[in-house]
Amino acid sequence: MRKLTLILPLFKTRAVPRRRVPSGLLSLAAEVQAIKDVRVDVVDAESLGWDAADVVEYLVLSKPDAVGISVCSPTFPSALELMKVIRTEMPEVLIVLGGKYVTHSWQSALNAGANADAMVRGDGESAIAVLAQALAAGANRMEIVSALAELPNVWVPGKKAPTLPHAFNLQTAQPWPLEVLAHNLDLYQGDRMLIEFSRGCPGRCSYCLASRDRQQISFRPVAQVVETIAHFSAKGFSSFFFTDDDFAASPSHLACLLEGIIERGLKIKFDANVRPDSLVRCEKIAPLLKRAGCRCLWLGIESGSPAILETYRKGFETNVCERAVVTALIAADVVRTNWIIGAPLETRETVNASMDFASRLQQLGPHVPHISFMVPYPGTPLCDEALALGLISPSHLAELAESTHGEPVMPSQFLTKNELKELFYEFHQRYFTPESLASLPPAVADEARLVLSSAGLTNKKLPLKYKNGDFRESCIHRIEQHGEDYSSIKTPN
Ligand code: SF4
């Protein structure tokens with residue numbers, strides 16, 4: 001029996017490992033499971049907190065013929081290190097690299113010294129099936145590389161640029177084989193379980209990687225998704241997060257899923273990302289969302305400035321967002337709105353327009369704005385625009401590919417990075433006043449607290465408009481209402 005191990009590398013800069021079931025690798029493993037004579041297992045090094053040495057210790061014992069490593073931007077450095085150790089300790093093992101980082105920055109990966117036998121761009125299900133079939137047929141390393149080289153989206157040494165494939169059609173996807181995890185499901189207890197219903201998005205946003213290779217939308221069979229949720233539910237998981245690019249992309253598909261969850265009697269809570277215009281098309285099924293257990297909808301509004309929305313190619317106008325917030329308030333316990341600061345043409349006025357719009361939306365009902373900075377990911381139209389305007393230089397592309405949204409990584413044409421950061425604080429200050437926090441329903445107040453803490457906003461950074469003690473008092477008020485421990489929140493100076 002030949003063996004393939006799929007690995008999610010460690011996210012080194014995260015102080016505490018985040019424990020999220022590796023949904024992408026489980027989808028790949030499902031395709032391998034369907035092929036006889038190949039065994040697959042999944043090592044979630046990120047959740048296990050395993051560094052390269054730990055992973056290789058496991059591999060030396062389990063002796064795989066091939067490994068597949070899935071890389072996103074922040075995990076690329078540890079994937080590089082892992083490849084190096086595998087090459088030293090197990091030089092005969094075939095290494096295939098895939099994931100978001102490779103999809104969009106395969107050249108940067110090569111330039112950085114990624115020592116893989118093959119790299120897969122886009123959804124990896126087809127490539128992993130070819131690899132597994134070759135393993136099952138007894139192919140050696142060179143023969144497997146040759147088989148992979150036939151696929152247009154796979155790079156192998158000596159081959160020119162691989163293309164970006166269409167997204168994998170989930171209609172034919174196999175159910176996740178949870179038994180292939182190298183550890184127990186209990187590792188994920190306490191976190192939201194990831195679940196996939198659809199892939200793809202009708203949007204064409206200029207900054208989004210999904211808009212390039214996920215333009216076709218496909219759905220897993222409803223019965224399969226309901227069955228997977230029921231399985232997790234039986235193991236004690238009640239909190240879920242749909243990984244879909246746009247959970248509301250199809251009202252009819254969504255209605256079937258929600259009815260399936262309700263009919264099965266599953267007592268769950270779930271979060272999901274939605275486009276505002278898609279959610280508006282789901283207005284009629286908003287009560288169904290609530291009945292099925294919708295805890296929080298994350299609405300991608302991004303800006304209150306029509307001009308900036310146009311540069312982002314969002315494809316909707318601000319008035320749609322108002323209807324979407326009203327729909328979300330019916331559909332979910334908590335409404336999050338996502339905002340971006342740092343478009344190439346961002347000005348103080350356009351950020352002000354976002355702050356004003358967020359406050360206007362607040363009149364419709366409580367929502368929690370989550371503000372992040374623009375990252376011009378290589379391969380997106382927005383990155384090309386930023387390069388043309390001289391806001392970033394080609395030598396920064398590799399570094400940008402590894403950036404996250406917590407800090408400004410480029411100025412706009414009119415604002416420095418420091419000014420963008422100040423506006424980020426101002427947005428929080430204007431929106432999260434002690435009075436507004438104190439008036440929020442408990443579930444929404446908890447979400448606001450999470451947003452403030454994930455933005456790194458201890459009260460120290462919000463001193464200007466908070467009188468000494470106000471913020472802490474509003475938190476204490478929450479403790480009284482909700483019994484949570486806010487003692488770590490410091491009083492502002
Ligand atoms: S709506 Fe979201 S997932 Fe869709 S293209 Fe825009 S940013 Fe990407």
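The protein is divided into two domains: domain 1 covers residues 2-155, and domain 2 covers residues 192-431. Keep in mind as you explore that this is a predicted model. If you take the centre of each domain over its C-alpha atoms, the two centres are 29 Å apart.

Let's look at where the domains meet. On the domain 1 side, 17 residues are in contact with 17 residues of domain 2. Together the two domains bury about 1400 Å² between them, and 51% of that area is on carbon and sulfur atoms. Within domain 1, the residues that lose the most area to domain 2 are Arg20, Val21 and His104, which together make up 38% of what that side buries.

What holds charges and polar groups in pairs across this boundary? Side chains of opposite charge can pair when their charged atoms come close. Between domain 1 and domain 2 there are two salt bridges. You can also find Arg199 in a salt bridge with Glu125, where the closest N and O atoms are 2.8 Å apart. Besides salt bridges, four residue pairs are in polar contact between domain 1 and domain 2.Which elements of domain 1 give two or more residues to the side that touches domain 2? They are helix H1 (23-33), helix H4 (76-89) and helix H5 (100-111). Of these, H5 gives the most, with five residues. Sorted by class, this side of domain 1 has five nonpolar, eight polar and four charged residues.

Now step back to the whole structure, where a search finds 23 salt bridges. One pair to find is Arg87 and Asp117, whose side chains meet in a salt bridge at 3.0 Å from N to O. This pair links distant parts of the chain, 30 residues apart: Arg87 sits in helix H4, while Asp117 lies in the loop between H5 and strand E5 (118-120).

Finally, turn to the ligand. Which residues are around the ligand? Three of the names are cysteines, Cys201, Cys205 and Cys208, and with them come Gly203, Tyr207, Ser211, Asp245, Arg275 and Lys314. By class, this shell has four nonpolar, two polar and three charged residues. Try picking out the charged ones in the 3D view: Asp245, Arg275 and Lys314.

Definitions and conventions:
Residues are numbered from 1 along each chain as its sequence is written. This is a predicted model: local features need pLDDT of at least 70, side-chain atom pairs count only at pLDDT 80 or more; totals for chains, interfaces and linings use all residues. Side-chain values use heavy atoms; hydrogens and water are left out. A residue is near a molecule or strand if one of its heavy atoms lies within 4 Å of it. Domain bounds come from an automatic or database domain assignment. Contact means heavy atoms within 4.5 Å. Buried area is the accessible area (1.4 Å probe) that two parts lose on being put together, summed over both. A salt bridge is a side-chain nitrogen of Lys or Arg within 4 Å of a carboxyl oxygen of Asp or Glu. Helices (H or I, at least four residues) and strands (E, at least two) are DSSP runs, numbered from the N terminus.
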